[in-house]
Amino acid sequence: MYPQVLFQHRKPDRINTFAEYREQGGYSALSDVIAGADPAAVIATIDDAQLLGRGGAGFPAGRKLMTVAQDAPHPRYLICNADEMEPGTFKDRVLLHADPHLLIEGMAIVAYTVRARHGIIFIRPEYENAARILEREIRLAREAGFLGEKIHDSDFSFEIVVHRSGGRYICGEVTALISALEGCRPNPRKAPPYPTDKGLWQQPTVLNNVETLAYVPLIVRHGAQWFRDLALTESAAGTKLFSISGHVNKPGCYEVPLGVPLSEMIENCCGGMRDGRPFKGCLPGGASTGFLSAEHYHIPMDYESLKAVGNRLGTGAVMVFDDTTCMVAATLNLTNFFARESCGWCTPCREGFPYLKDLLYRLENGMADGDWIGQVETLCGHLYKAYCAFAPGGVAPIESLLANFGEEVQAHIDLGGCPMQRQ
Amino acid sequence: MTQDPSQLKGKSLPPPRETSGAEALKALVTGFATTLKHLGRRPITEQYPEEKRELPARSRARIILTRDPDGAERCVACYLCSAVCPVSCISMQSIEGQGGRRMAAWFRINFGRCIYCGLCEEACPTSAIQLTPDYEHCQRAILKSVYEKEDLLVDHCGKDPDYNFYRHAGVATEGLDKGRHEKEAPPVNVRSNMP
Amino acid sequence: MVLDWLLGMIVLLVKLGLILGALLFGAAYLVWAERKFLARLQIRLGPNRAGKFGLLQPIADAMKMLTKEDLVPDGADTFVFKLAPVVVAVTAMLMFAVVPVAPDLVLFGRSIPMVIADLNVGLLFIFALSSLGVYGVALGGWASNSKFALLGGIRGAAQMISYELALGLSLVPVVMLAGSMSLTEIVAAQERVPFIILQPISFAIFVISAMAESKRIPFDLPEAENELGAGFHTEYSGMRFGLFFIGEYVHIQVLGALTAVFFLGGWRGPLLPPVIWLVLKIIFVALIMIWIRGTLPRLRYDQLMALGWKVLIPAALVNIVLTGVLILLV
Amino acid sequence: MLRPRGAFFERTIEPLELHVSEALIEKLKNEIAAVEHPRELAVDVMMALQDHHGYLSDAARDQAAELLGMSALEVDELATFYTFIFREPVGRYVIHVCDSLICWMAGEENIVDHLRQQLQIDFGQTTADGLFTLLPVCCIGYCDRAPAILVNRRVHGPLTNSRLDELLQKYRAEAAEKPGSNV
Amino acid sequence: MPTLTIDNRPVTVPDGTKVITAAEQLGIMIPRFCYHPALGSVGACRVCAVGFKEGPIKGVEMSCMVDAQEGMVVATDDPDAVDLRKHVIELLMLHHPHDCPVCDEGGHCLLQDMTISGGHGRRRYAGAKRTHLDQDLGPLVQHEMNRCIQCYRCSRFYQQFCGYRDLGVTGIGTRVYFGRSEPGTLESPFSGNLTDICPTGVYTDKPSRFYGRRWDYERAPSVCIHCSLGCSLTVSARYRKAVRHEARFNAQVNGHFICDRGRYAYAYASQPERPRDALIAGRPATLAQAATQMSERLAAIEKGTGPDGIALMGSARSSLETQALLARLHSEKGWRTPCFSADDAATRVVSSALNTLNATNTIALTEIEGADTVLLVGADPIGEAPMLALALRQAQRDGSRIITVDPRPVTLPCAHDHIAVSGDDLATAVAHLIIGALEPSREIALDADQQDRFKTLKQETRDIPAAAELRAIGHALTTAWRPAFVCGTTVPDPDVPPLMGLLQALVQTSCMWSGLFFPLPGANTFGAHCLGGSDALFEPLLAAVEAGQVKALVVVENDLFSEYPDQQRLAAALESLELLVVMDCVPSAITARADIFLPTQTIYEAGGHYLNNEGRLQVATPVIAGGLSIMDTGGGNHPPREFREDIPGGTPRPAWQYVAGLATGETDPPDVKPLLDEALTAGVADGERVSLPSASREWPSIERIGAGPEGDAGGLTLIESAATFGSEPLAAFSTVLAELTPLFGVTVHSETAQRLGWRAGDRIVIPDSAPALEVVVTLDDRAAPGVLLVPRRIGIDRTALRRYMAHLLAE
């Protein structure tokens with residue numbers, strides 16, 4: 001239906017094996033690059049492809065590689081962030097279970113461009129299967145000479161290890177992830193210095209999402225223009241893995257070109273809304289993005305269009321709600337998540353989320369008092385001044401709840417409880 | 001239209017009202033009549049030692065140290081009353097009492113100095129120090145006006161029958177551990193397996 | 001002759017003793033009366049602990065004052081400081097010397113004048129003494145080496161100067177009517193009509209000025225407790241303070257007596273003996289003064305001055321002219 | 001002097017009796033020796049010891065500290081941070097119920113109610129027979145299979161009450177079959 | 001040097017300065033909890049928010065996280081920032097307990113101040129308060145976790161700044177807990193600083209718990225006299241009792257912190273055993289009687305024997321006033337030169353060390369923090385001068401290399417290279433360092449004469465096991481940019497300091513900056529040296545006493561028995577005196593023997609001037625007038641109920657007053673500055689260093705270096721060295737520190753232990769010791785073989801210990 005790039009060789013029950021991957025032309029990009037491509041040219045291609053970071057922040061991947069200075073000290077590190085803990089997001093898992101060699105090859109190419117010696121895949125402990133798959137496939141790749149010392153007899157050596165996290169959402173934050181790798185408490189650190197200057201062990205470090213890295217071999221193989229053309233809208237480039245879940249008939253992870261309208265995605269990929277109930281709203285990119293309401297049902301799903309309505313594409317985890325969902329209760333659930341996962345470093349986040357949770361709980365259970373909205377608004381405003389991006393992400397659903405579902409909030413206050421439960 | 005410069009400076013006071021002679025005379029006569037009328041009224045004086053009036057509960061006289069509803073000393077010797085006392089008539093020494101409670105080793109008020117301003121009562125965070133309507137505590141020997149803790153301690157709660165500081169404080173004392181105070185969650189277990 | 005002289009001396013001493021005793025007793029009980037009367041005006045009881053109705057209060061007060069420590073402040077002019085209360089008390093008492101308390105008494109054929117000294121310039125004598133009295137206030141205030149006392153003393157002097165004039169001028173018509181400055185003569189001149197009837201304006205001016213002279217409320221600016229502590233006697237204690245006190249209350253009696261002499265016909269009156277009439281009139285005047293104290297608030301300083309200079313003196317002058325014209329006409 | 005009070009200081013800790021095999025210790029030592037910064041293996045070492053004990057007991061923590069050249073506190077700093085390192089005893093099967101948005105929408109509350117009823121325990125507790133510990137967990141990344149749970153980090157979903165019963169039955173049978181081991 | 005505008009006032013600050021620091025320079029105190037000048041900024045509390053109006057950053061940002069940049073316009077009263085601060089404080093107060101009245105921080109609590117100034121008064125949050133259990137953290141620090149506002153200052157200070165690892169943060173989110181993994185005494189000897197650094201009452205000072213409130217305390221700036229570094233203190237006293245030391249910021253010496261020895265040493269001044277009355281032959285007398293008798297009897301003796309019959313004994317812990325007047329007593333009366341220490345070995349080293357110092361090579365403690373290589377020879381910072389260890393830690397955090405050359409197993413709270421060299425080989429070791437510095441690179445130019453001397457040095461210098469390593473280090477020193485040289489003055493022999501001076505002088509030519517740092521044995525050892533006391537040795541004085549030449553001895557604030565090794569000989573000598581006058585503020589072995597005893601005031605009562613180890617003149621201000629505390633005078637539950645004219649226990653006078661009484665009859669304390677000017681070349685101001693002679697580059701004699709140790713090469717040496725707790729004579733009276741003092745033990749290398757047949761944990765009972773002495777054996781292979789290491793401890797029978805050592809050696 002849509003052009004499949006990452007999922008081109010997705011099998012129903014198993015991974016795309018190393019042999020199959022080689023047959024499909026895998027690792028040719030790596031070989032070509034090692035055979036004599038100028039690292040700067042590769043970076044330029046990636047930059048030209050307008051590949052944006054797929055982990056949520058949407059930072060141009062090429063630009064990130066450019067910030068690693070030519071004369072930066074060695075060793076340099078490449079970290080793949082497979083700590084996919086954003087609620088509603090599971091695209092990396094599906095990708096790793098579908099075609100792990102895309103990632104391995106992508107990492108090797110990126111490592112080559114920045115002359116990184118060490119690659120680390122930081123993976124959440126729930127993805128034990130994926131971790132084992134990766135370890136096995138890395139071994140295969142190494143045995144085949146695509147990893148290890150002096151790859152293809154060049155002076156380029158690259159090794160990948162899989163590092164399992166102890167399991168905390170905050171570990172997905174770049175600086176916290178680096179702290180976690182160093183065996184410290186994974187509290188975020190403040191940039192500058194940026195990881196590309198002083199990251200892991202104070203050495204230059206490039207950190208990318210699984211999906212971002214997996215696109216790299218394809219871009220190198222097919223060129224930047226090909227990648228840009230994949231998207232439907234002018235401003236966007238490439239396809240995107242969307243993890244669609246919630247009240248749809250077929251939840252799952254789908255590769256869709258950027259710019260496909262939300263409605264189309266739900267109708268075409270997921271077989272429409274569950275039980276044919278009306279669409280009430282959705283979270284377009286995981287728990288730290290705001291709610292979209294029914295009026296946005298036909299919005300093109302790409303970075304720019306969502307930005308235009310004050311939202312973000314995030315990780316592309318679309319969580320769909322039909323009209324049976326109480327949005328206050330849903331927000332309460334999300335806030336509970338943020339309150340639980342706050343690392344406890346800065347005051348607004350540590351104390352603010354439990355406070356917000358308490359307030360939402362009161363709203364849902366009919367204990368909200370007169371100034372409820374004012375109190376929540378001030379608190380949300382101050383959470384933007386928290387230490388890292390965790391808190392601003394966490395308040396996005398709450399703020400969009402007030403903005404897009406204000407009537408429902410008011411109904412909770414007026415009725416002294418949840419109107420859904422009363423029906 | 002020009003403005004009067006004096007008006008620009010702001011509103012001036014109205015000129016003093018002229019009093020006419022008749023008015024003045026009337027005022028004088030009224031005054032004298034009033035006092036004259038008083039002459040015929042019964043005096044309102046109360047004869048103190050013979051007649052003793054019950055003073056309102058909030059009158060400020062002799063200072064006491066009250067106990068909490070459980071019968072323990074309320075005073076935690078926080079030094080706030082002695083700090084706020086304008087005549088420095090309160091002095092004390094705090095120690096760790098039974099069960100980890102902070103309390104006064106000794107507590108002294110020099111009533112020779114006390115001006116009964118009530119600031120100590122206002123400053124007291126535990127409702128321990130209170131001023132009572134009991135005003136009859138003159139002493140002939142000046143040193144007898146120096147009251148020690150046992151002279152000040154009473155066995156009731158005074159004006160505040162309910163407040164018990166140690167039920168709110170959040171510090172662990174014997175018989176009242178952390179998390180068992182009012183509006184407190186049980187102690188956090190950092191080792192908990194709960195996320 | 002010698003016997004005469006001796007007899008005269010004895011009579012004089014007896015008169016002196018009687019008058020002095022009466023004045024002091026009067027002063028003491030005037031205090032009591034004032035406190036009692038004032039208390040009733042204010043719906044209070046007044047002193048009632050020392051003796052029945054507090055009648056022994058003056059004695060208790062006297063004992064207290066006699067036994068209290070006599071303080072002389074640091075840096076005070078000791079001599080003047082000690083002198084000042086004496087001046088106040090003595091001048092006040094001396095004034096009574098020219099007040100006739102009764103018609104001449106005829107005893108064993110001798111006529112004994114019921115006045116200590118029937119001066120033909122009695123009126124001037126009184127003015128002289130009352131002017132001297134202010135020295136006590138001014139000196140006491142100055143000698144105390146205290147700002148409050150000094151201010152009080154200055155105010156006293158200024159007040160005295162202002163009201164002396166009005167006082168004197170208010171009595172000119174009386175002299176004009178009586179044709180004499182001897183108080184005995186003035187009393188004699190009121191045989192038919194007390195001057196209060198003939199000279200109501202004089203009377204009013206006299207009473208107001210006299211109250212100002214005696215520094216009583218509403219003219220108590222030299223003391224003015226809430227501004228100056230106790231004004232000129234702030235630094236005084238014990239019996240020296242007592243002397244000021246005695247001076248003040250003797251002054252009240254003298255003023256009462258003078259009011260009686262000048263306007264109320266002196267000792268004249270029906271039925272009762274003349275002395276009693278005089279005493280009653282003194283008491284009447286004193287009560288009026290207490291009543292005024294219990295009613296009026298203190299004047300402001302500028303009001304005090306304005307009243308003296310702008311009202312009383314012009315009024316007194318006009319009154320003199322009117323009286324003169326009337327006398328000429330009648 | 002105030003004595004520390006309450007549960008987690010006074011709980012008696014089992015004596016330092018480690019059933020960790022020499023081989024495992026040797027393996028960990030080698031791994032640690034192979035890396036430049038021993039600290040980076042902290043999570044792995046803790047996990048490895050935890051897998052043997054079921055949880056990271058104080059003794060295991062001390063051993064981890066010794067292996068890693070860290071102080072006991074430094075290990076604790078990490079151990080108490082992470083979700084999947086247990087500092088308190090757990091049962092043989094740790095059931096993590098995902099309570100994040102999608103699973104909640106898909107009926108997580110029913111699952112929890114059912115588990116509570118079946119196991120007679122609440123969150124954070126272990127069944128009397130020491131088999132199951134029930135814990136909540138935030139989104140485990142199986143939203144397409146909501147409601148999902150983890151049993152010893154193995155995913156099951158989407159779940160219904162009957163599937164849940166089957167699962168419990170399966171684990172009970174497994175425990176009866178192979179007593180004593182939870183690896 | 002960017003210039004920025006803060007609250008409409010311009011300020012120019014160095015590059016990299018945070019806005020919060022720039023504001024401080026204008027006197028604007030931006031609220032802060034997590035930021036601390038020593039710990040840097042981490043942006044955790046979010047209470048230092050300010051509004052940025054112009055410049056590269058706009059909007060509300062944390063002033064501790066933003067570097068000052070050119071053209072910034074900052075408003076600390078920006079309404080949005082104020083609102084944020086207000087709400088942050090509200091958030092911090094959500095769970096803060098309601099216990100200010102019983103909290104020791106109340107009255108000087110940053111959180112209290114901020115809450116009140118922020119205007120927060122009522123809790124809007126309706127939920128339950130979070131609570132935490134507390135831990136027993138030992139005798140110094142009280143823990144009350146409920147009050148925590150999670151600023152992370154404690155864990156950052158304890159782990160990152162101090163380098164100790166038993167206190168930190170556990171848990172996550174709202175559960176974060178600051179404490180140890182298990183309750184127990186904190187390991188760091190800097191733990192007391194937690195009470196200063198915590199912005200609220202989580203860590204409070206345990207010994208002064210509940211004693212009083214800040215506003216009730218009499219407070220005065222003072223100087224720590226419990227080691228030679230002279231850290232700045234603020235002393236708090238109440239009811240005539242010193243109850244608390246707090247660190248006072250001093251940019252040159254101690255920075256923001258002090259060690260626990262200095263912090264908790266004050267108990268000696270108010271101990272019940274403190275002698276407060278004059279004694280004549282052990283019987284109480286009035287001060288006048290005792291003073292008169294003292295001068296009369298001294299005069300009589302002087303008449304009999306001449307001025308030589310009277311000897312003076314000062315101390316390194318006395319103020320300069322006392323020391324100066326002792327020196328004047330000598331110059332005016334002709335009595336024997338005052339001697340300031342009974343430990344001649346140390347006096348010799350100190351003398352040679354301080355003669356090595358000159359105007360250019362002396363460095364301050366905080367300068368060590370900026371060194372890139374620190375070489376410590378014969379110095380054990382944690383025991384001798386704890387704050388030095390903290391400075392080393394800071395240097396090491398900045399990437400500095402720390403090398404210790406010592407017979408003892410020196411432990412530092414930071415990574416360091418340790419080279420075990422036996423005590424007698426230290427000079428040789430430094431010689432090897434010099435050879436290393438000169439030999440391989442020739443980066444340092446030598447003239448012909450020096451070449452010759454260098455050759456001799458190379459030939460004569462004996463080989464020791466660590467020679468190669470030392471030479472390598474010596475060479476590495478020549479490539480350092482900012483090397484610092486620290487040399488102890490108790491363990492090395494007198495040749496070592498000049499050699500260190502030479503090494504420093506050599507290295508100086510090839511680096512940016514370098515310097516010498518000598519920790520000294522006593523607080524005012526430098527003062528004694530300046531006043532001419534470091535040449536006078538005790539041994540000749542003792543001999544003169546034994547020979548009957550000296551009939552009278554005046555001992556001022558010195559317990560000879562704790563310094564002089566042969567206690568029996570000393571006792572016998574003192575016995576033979578005609579008159580022993582002792583002046584002191586603490587009871588000791590010698591006060592009991594005094595014919596005339598005069599009680600002296602402590603530093604809290606008398607104040608005084610002190611010269612620290614680098615010669616910095618510092619003033620201690622008196623805090624209290626003296627006398628027994630009200631707490632001790634009433635008895636029972638009350639302070640006394642009757643008035644009295646005098647202060648009970650207020651007899652003691654400053655020591656200098658007694659000495660002045662003997663010398664000149666002065667009643668005012670002498671102005672020490674002219675006296676120092678006299679002794680030195682130029683003037684000195686408070687807080688400044690005394691002027692030292694200008695640099696000379698003389699090669700020291702190297703004969704002894706080649707000679708090797710005097711004794712048997714395979715012999716045993718006993719090293720008594722200062723320990724953190726228990727060694728300093730005044731701090732040893734502190735009962736809380738006594739709790740922390742470990743069992744008396746001997747540390748040996750395992751080889752040596754094998755030779756002696758000792759095993760770890762053995763308890764050796766020293767024969768014929770009084771009081772009975774039991775020594776626990778500890779093995780440490782970082783110690784030099786052949787060295788028996790015991791801590792210096794007041795009140796142990798050192799004679800017996802030495803006798804036992806001799807016996808071991810004989811076997």
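**Entry 1: chain D against chain A**

I began with the contact between chain D and chain A, counting heavy atoms within 4.5 Å as contact. In this predicted model, 31 residues of chain D touch 48 residues of chain A. I noted that residues are numbered from 1 along each chain as its sequence is written, and that chains are lettered from A in the order in which they are written. I also noted that local features need pLDDT of at least 70, that side-chain atom pairs count only at pLDDT 80 or more, that totals for chains, interfaces and linings use all residues, and that side-chain values use heavy atoms, with hydrogens and water left out.

I then looked up the buried area, which is the accessible area (1.4 Å probe) that two parts lose on being put together, summed over both. Chain D and chain A bury about 3200 Å² between them, and carbon and sulfur atoms give 59% of that area. Phe81(D), Leu101(D) and Met105(D) supply 21% of the area that chain D buries against chain A, more than any other three residues.

For charged pairs I used the salt bridge, defined as a side-chain nitrogen of Lys or Arg within 4 Å of a carboxyl oxygen of Asp or Glu. I recorded three salt bridges between chain D and chain A. In one salt bridge, the side chain of Arg153(D) meets that of Glu128(A) at 3.9 Å, N to O.

For polar contacts I took pairs of N or O atoms within 3.5 Å; within protein, one must be able to donate a hydrogen and the other to accept it, and residues adjacent in sequence count only if both atoms are side-chain atoms. The interface of chain D and chain A has 12 residue pairs in polar contact, both residues at pLDDT 80 or more.

I next assigned the touching residues to helices (DSSP runs of H or I, at least four residues) and strands (E, at least two), numbered from the N terminus. On the side of chain D that touches chain A, at least two residues each come from helix H3 (42–53), helix H5 (72–79), helix H6 (101–105) and strand E2 (132–137) of chain D. H6(D) provides the largest share, four residues.

By class, this side of chain D has 19 nonpolar, five polar and seven charged residues. Here Ala, Val, Leu, Ile, Met, Phe, Trp, Tyr, Cys and Pro count as nonpolar, Asp, Glu, Lys and Arg as charged, and the others, Gly among them, as polar.

**Entry 2: chain E against chain D**

I found that 23 residues of chain E and 20 residues of chain D make up this contact. The two chains bury about 1700 Å², with 57% of it on carbon and sulfur atoms. Leu133(E), Arg165(E) and Ser181(E) supply 33% of the area that chain E buries against chain D, more than any other three residues.

I recorded two salt bridges across the interface of chain E and chain D. Arg165(E) meets Glu74(D) through their side chains in a salt bridge at 3.1 Å, N to O. I also recorded seven residue pairs in polar contact, both residues at pLDDT 80 or more.

Strand E8 (168–170) and strand E9 (177–179) of chain E are the elements that give two or more residues to the side of chain E that touches chain D. E8(E) gives the most, with three residues. That side of chain E divides into six nonpolar, eight polar and nine charged residues.
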